[in-house]
Amino acid sequence: MGAVELGICAKGNEQPLFQVDGLTKYYGTRVGCLDVSFDLFPGEVLGIVGESGSGKSTLLSCLAGHLRPDLGSVTYDGRDVLGMAETERRRLSRTEWAYVHQNPRDGLRMGVSAGGNVGERLMAIGARHYGTIRDTATDWLGRVEIAADRIDDRPSAFSGGMQQRLQIARNLVTGPRLVFMDEPTGGLDVSVQARLLDLLRGLVRDLGLSVIIVTHDLAVVRLLADRLMVMKGGRVVEQGLTDQVLDDPQHAYSQLLVSSVLQV
Amino acid sequence: MTAMIEISGLSKSFTLHNQGSAVIPVMAGAALVVAPGECVGLTGQSGAGKSTLMRMVYGNYLAAGGSLRVAGLDVATASPRQIIRLRRETLGYVSQFLRVVPRVPTVDVVADPLLQLGVRADVARTRAESLLARLNIPQRLWSLSPTTFSGGEQQRVNIARGFAHPYPVLLLDEPTASLDAVNREVVLTLIEEAKARGAAILGIFHDEGARGRVCDRLVDVTGFTPKVAA
C-alpha cells in the first residue's frame, strides 16, 4: 500500500523460485535429513545452521543435486529437478545454479590461471570469443576485488580470501539465479570474512540472487540471511525470520545454540 | 482515519528450555493504537516491557497471543516473507544499537534501506549524505565504517539510516539518549517532520523534554504486566 504511493516497485515476485517438499535422505538406517520442506523466492537468502552432523551439509548436497534423496521433491522454476535427465541437471548447475564450496580448492582448478578459472565457466556455456571472455573475466575479477594484473596468476599463488573471492567470481560469471554456499566464510580470518560478507551482500542485492547458505556461524547468517532454518539430528527444529530465531528462539536446541555463542 | 499500529490482547512469555523449562510471562492484555501523523510514547520502569513490546511490533519477538496489526498486516501471524516486505517498505526501526557488516562505509550503511528498495545508487547516496550532514557527522567520516565511531556518532548513523526512507510507520528506541543539545534538536525536528508527512510513530523516550515535545499520547506498559506473582 504505502509502497505504491511512494512509487516503489516491489522487489521479489510472488512465485517461489525453488520449492522443497518432504526431502529425506538416509545413509543405510541412519538419518541424513528428514522431511525438510521450504520455499525460496527470488532475491531471498535462506540460512541453514546447526552443529556438525545435524544434516545441513547432507541437505545442501541433496538440494544441489550432488546426492540423490530417498524421498521428497525439489522444484526449480516450475521444473521437477529430481525427475530431470542427468544432462539437463548438469546444464542447470553450469548455468542458472552455482555452488560455492567451503574450500576454494574444491571449486577452483588450481592449475589454471585466475582468468582461466572464470573464463572456463563461460566457455562451458558456449562463449567462444577470446577477447570477450577475457574482458568479462577481468570485469568479474574487479567485482570481487582482485587486481587485473593478477589475471594470469594461478590460484595457488593467492591467499585464502582471494581464492574464495575467485571461486565466487567463477560461480557468478554465468549469471546464476540460485546459489548454494557451504560455509563460504569458514577458515578465513575475521577481517577477510567481513570483506567477503560485504561483497556477498552487495551481489545478492544488485543481482537479485536467491541463496541457500549453510554455516555454523550465527553472526554470518544474521548479516546475510533473511530467513533461518535450525537443524538438529537431520530435522528442521525451527525456522523463521533470521533475527526472530536468533533473538527469540523457541526450540530448546535453538536456545542452546544461541546462548552458546561466545561474546566478543 | 485507519490506525497504522493496532494492538489488542497481546501477550508474551519466554520459555527457557535449558533452565528447567521455566515459563516467564512478561506481557498480557497489551493494547494500543497509533494513527498516521501521531507519536505515542511508551512509559514504565526499566524492565516493564517497553522494549519487548517494540520488538514484538517489529516482528523480532514472537507474540504468544492476541493481535498486532501494522499497516494492516497481523505481525503476530505473518510469514517471515511478509514481515521482510513490511520492514523494507513500511516499518522502520531505530534501535539503540548499530549492527552492520564491518568495513562498510557509513554512507553505504545509511543508503542501504533505499538500495534494498531498488532506489538508484546515486539518489540513495545523495539522500544518505544529506542526512549525515544534517546530523553533523563530519564528512571525513562518511567513507569509514561506523564500527569505530563513538556511541553518539553511531547513534546518529542509526538515526540517519532509520530516516533514509520515509517509512509510514517508525519505531524509535531512545533516539535522543546519548546526544548533545544540537543533535538532539536535529533528531526532534526529524521526528516532527516525519509526523507532519503522516508517519505513525511508537517510541521510548527517557528524555522527558523530548517526550513532552513529540509525543501526542503516552501509554504506560506497567498496565500490561501479567497479574501473577513473579
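1. In this predicted model, B:Thr43 belongs to strand β3 of chain B, which covers residues 39–43. The residue is buried, since its relative accessible area is 15% and the cut-off for buried is under 20%. Leaving out residues up to four places away in sequence, B:Thr43 touches B:Lys50 and B:Arg211, together with B:Leu218, B:Val219, B:Asp220, B:Val221 and B:Thr222.

2. One of these contacts, B:Val221, also appears in a nonpolar core of 36 residues, whose members include B:Met4, B:Ile84 and B:Phe224. This core lies apart from the largest one, which has 89 residues. Within the largest core, B:Phe163 and B:Ile191 have the most contacts. The two residues also meet directly: with neighbours within four places in sequence set aside, B:Ile191 is in contact with B:Phe163, B:Leu172, B:Pro175, B:Ile201, B:Phe205 and B:Val214.

3. Strand β7 of chain B, residues 169–173, deserves separate comment. Five of its five residues are buried, so the strand is largely enclosed by the rest of the structure. In a regular strand the side chains alternate between the two faces of the sheet. Both faces of β7(B) are covered: B:Leu170 and B:Leu172 are buried on one side, and B:Val169, B:Leu171 and B:Asp173 are buried on the other.

4. The pairing partners of β7(B) may be taken in turn. Strand β6 of chain B, residues 91–94, pairs with β7(B) in the parallel sense over four bridges; here B:Leu91 has B:Val169 as its bridge partner. Strand β8 of chain B, residues 200–204, also pairs with β7(B) in the parallel sense, over five bridges, and B:Leu202 in β8(B) stands opposite B:Leu171. Helix α6 of chain B, residues 181–196, forms a right-handed β-α-β unit with β7(B) and β8(B).

5. Chain B also contains an open sheet of four strands, in the order β2-β1-β4-β5, with antiparallel pairing. Which strands stand at its edges? They are β2 (22–34) and β5 (73–74) of chain B; each has a single partner strand, so one side of each is left without a neighbour in the sheet. The partner of β2(B) is strand β1 of chain B, residues 5–16, and the two pair in the antiparallel sense over nine bridges. Within this pairing, B:Leu10 stands opposite B:Ala30 in β2(B).

6. The interface between the chains brings 33 residues of chain A into contact with 32 residues of chain B. The size of an interface is often given as the accessible area lost when the parts come together. Between chain A and chain B the buried area is about 2900 Å², and carbon and sulfur atoms give 55% of this area. The two chains are also linked by eight salt bridges. A salt bridge joins the side chains of B:Asp112 and A:Arg201, with an N to O distance of 2.9 Å.

7. A final point concerns A:Ala219, which is placed in helix α9 of chain A, residues 218–224. Is A:Ala219 buried or exposed? The residue is partly exposed, with a relative accessible area of 49%, because that class lies between the buried limit of 20% and the exposed limit of 50%. A:Val261 is 42 residues from A:Ala219 along the chain, and their C-alpha atoms are separated by 9.3 Å.

Definitions and conventions
Residues are numbered from 1 along each chain as its sequence is written. Chains are lettered from A and ligands numbered from 1 in the order in which they are written. This is a predicted model: local features need pLDDT of at least 70, side-chain atom pairs count only at pLDDT 80 or more; totals for chains, interfaces and linings use all residues. Side-chain values use heavy atoms; hydrogens and water are left out. A nonpolar core is a set of buried Ala, Val, Leu, Ile, Met, Phe, Trp, Tyr and Cys residues joined through side-chain atoms within 4.5 Å. Buried means under 20% relative accessible area, exposed over 50%, partly exposed in between (1.4 Å probe, protein chains only). Contact means heavy atoms within 4.5 Å. Two strands pair if DSSP finds at least two bridges between them. A crossover is right-handed if, with the strands pointing away from the viewer, the path from the first strand over the helix to the second runs clockwise. Buried area is the accessible area (1.4 Å probe) that two parts lose on being put together, summed over both. A salt bridge is a side-chain nitrogen of Lys or Arg within 4 Å of a carboxyl oxygen of Asp or Glu.
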